[in-house]
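Good morning, colleagues. I should like to take a few minutes to go through one loop and then the confidence of the model. Please have the structure open as I speak.

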Amino acid sequence: MAALITAGLAVPVLLLLYFLKLRMREQLVSSTFLWKKAIQDLQVNAPFQRLRRNLLLLLQLLLLLLILLALARPVLNISAAARDVSVILIDRSASMSATDGEGGQSRLNEAKARAKALVDTLGQDATAMVIAFDDSAETVQLFTSDRVQLKGKIDSITGTDRRSRLEKAFALAEAQALAPIPEQLRPNSKKPDVYLFSDGRALDRKEAVLHTADLRYERIGKLDTKNVAIVALQAKRNYERPTQVQVFARFANYGIEPVENADVLLSVDGQVQQVSQKLILLPERWTDQQREAWGRETGKLARVSVDFTLDLPAASVIRVENRPAAGDALAADDFAQIVIPPPRSLSVLLVSDSNPYLSKLMELMKLRNYTRLAPAGFEELMDDPQKVATDYDVVIFDRYTPKQLPPTGNFVWFGALPPNTKLKPAMENGKPIMLKEVGVLDWKRSHPILHNLNMQRLYVGEMMRVETPPSAEVIVTGTQTTGADIPMIFKYSEGRSTHVVIAFDLLLSNLPLRQLFPPFMDNLMRYMTMGAEMDLKQSTLPGATPIIPRLNLQQAGVAEEFRLNGPMGSIKVSVPASGDVVLPALNKVGLYTSQPPIPQFEKIAVNLLDDNESNLQPEDKPVVAAETTSVGVGGKSATELWWWILACAAVPLCMVEWLIYTRRMHL
């Protein structure tokens, strides 16, 4: 466009200069014998003359056209040929599973086909290596000149549902490219070419840099690919009705056209429960102005989310599924799942000498198991710490700090602090600071422990001042007449233990006498066993390696090995002699089950839920932090020709025009 506008201005101006005649001024002379040429130029008074054949005009027009052509920056797509040293990077992330290639083939298959075509161009002394990457990187084939071996390794690359990052792939490529080439027994002294076969959907494209090699990017994928994806899924239990589960899901449209009345299915353990047809998804690539214009024209509002309410008294697997329209290119983001554990019936241990308020309330609560022990009885029970962690969901310490704690668990402290942690009492002159007459300054009204509770009239006669680390979450803040803020109730996590500290003695406060005491304890027990905001986060991202504690393995009676079944097939997992078990990377989305069932790991849901991978629009440049040598499309490398036009045509033609003009001036 810029070249056309410039041509529309420059060419008429050049021609006008040749149409115009020189304006002569009259001058009296004694003789016109020597002025015949001047007389000929003055014979016509009109400002324009007839255009005559002029070699300079022709050369100048041709020169101007060449400059305009260079300004248009023409591109020549030529088949890329491998040089002496080549590193082939093949993206195997989730977006590369999109089926928008010819005949419905995936982007990964197209990338592998182009990479094999590049291998066919290797010269006799050339060498190449292959790296497959997602958010990790793996050397598939070291440097070799064997084309058959290279193509075989390229074919062996399989896709994952993981995210894409370039940093590790670039680092591995540079490390391997600078290493000696053992096959040819020579050092690798030449600067390698790195061929990147990808759609450019890398999370770190703004930071990734390739330092010691030239990057040649082979862009994979179409710009107008359709895809509707689930980008968020959440489930949480109701505070007042623990068997009730609320499910929320959000969708996004990464195509080029709006999608209306999209079908959404909700299934529980494989049985369809509800169907929603109310989604109206506008393209994510649209601007705010385009969205507003569409709304004015249609009179409709976009709706990108759905929510469901279910009653689930038992463990279940919830699946939210988008029924894809024709042309939807990616299947991994069309569904997402959450594993819902059953509502827990609590087992609570109270360690206290005597507290009638706390003991009586715990007896009245609907607990699966309730035990009260004196401090001496707890110390005897701690001969087997694992048993304490296994048998009790929550342990409450009333005005007592034990010598040690179980390795994991949920603990509540009244007027005491956990041992061997960063929680310490504030000291003065070698003694703990005790505060008198403390009232409530403020509290977190949205916190699950304080749900629907008014803490304003809580009063404490005496309490200790605690030095809380920055990671502690203060839930109730107190104050004295001096105005200093005092943490009265706070949460602190360290290792695999969660502590909620009520920094005062119940018997020295009015809390047991208030109506809020029973609901406070009920909220507290649920929170300690079900997590913050009662979220059900039993799902993970592709590529995660969940850790199964040894305690859970012992509960399942697993001593040597177990199997993990799911989208990756049946995997045998060996149990080490000591320590926890780290599962292999779960690279594919879907539901994984342990056999035999391991508590809390009977089922593991893996969901994509990634707007970057679901956005299938290829990037023109794979990295922003550094320039690429070339960008290829359709298996060919795009080479800009403007420099060649200037260097090989425009500059020589300018010299010829100057030479002719100079010679005429001297004739």
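**One loop, two residues**

Let us begin with Leu507, which is placed in the loop connecting strand S26 (497–502) to helix H11 (517–530). I should say at once that the model is predicted.

Is Leu507 buried, exposed or partly exposed? With a relative accessible area of 38%, Leu507 is partly exposed, because that class covers the values between 20% and 50%. Leu507 also joins Tyr357 and Leu513 in a nonpolar surface patch of about 300 Å².

The loop between S26 and H11 also holds Asn510. Here the relative accessibility is 19%, and Asn510 therefore counts as buried, the cut-off being under 20%.

Which residues does Asn510 contact, once its neighbours within four places in sequence are left aside? They are Arg457, Leu458 and Tyr459. For Arg457 there is a further detail: a polar atom of the Asn510 side chain lies 2.9 Å from the backbone oxygen of Arg457.

Let me turn to confidence. The average pLDDT of the protein is 82, and 77% of the residues reach at least 70. Two segments call for caution. Over residues 18–22, pLDDT remains under 50, and the model has 20 contacts beyond four places in sequence for that segment. Residues 42–48 likewise stay under 50 in pLDDT, and for them the model has 11 such contacts, again beyond four places in sequence. Predicted coordinates should not be read in detail where pLDDT is low.

Thank you; I am glad to take questions.

Key: Residues are numbered from 1 along each chain as its sequence is written. This is a predicted model: local features need pLDDT of at least 70, side-chain atom pairs count only at pLDDT 80 or more; totals for chains, interfaces and linings use all residues. Side-chain values use heavy atoms; hydrogens and water are left out. Patches are made of residues with over 30% relative accessible area and no salt bridge: like charges are joined within 9 Å, nonpolar side chains (Val, Leu, Ile, Met, Phe, Trp, Tyr) within 5 Å. Accessible areas come from the Shrake-Rupley method with a 1.4 Å probe; for residues, only the protein chains shown count as cover. A salt bridge is a side-chain nitrogen of Lys or Arg within 4 Å of a carboxyl oxygen of Asp or Glu. Helices (H or I, at least four residues) and strands (E, at least two) are DSSP runs, numbered from the N terminus. Buried means under 20% relative accessible area, exposed over 50%, partly exposed in between (1.4 Å probe, protein chains only). pLDDT is the predictor's confidence in each residue, from 0 to 100. Contact means heavy atoms within 4.5 Å. A polar contact is a pair of N or O atoms within 3.5 Å; within protein, one must be able to donate a hydrogen and the other to accept it, and residues adjacent in sequence count only if both atoms are side-chain atoms.
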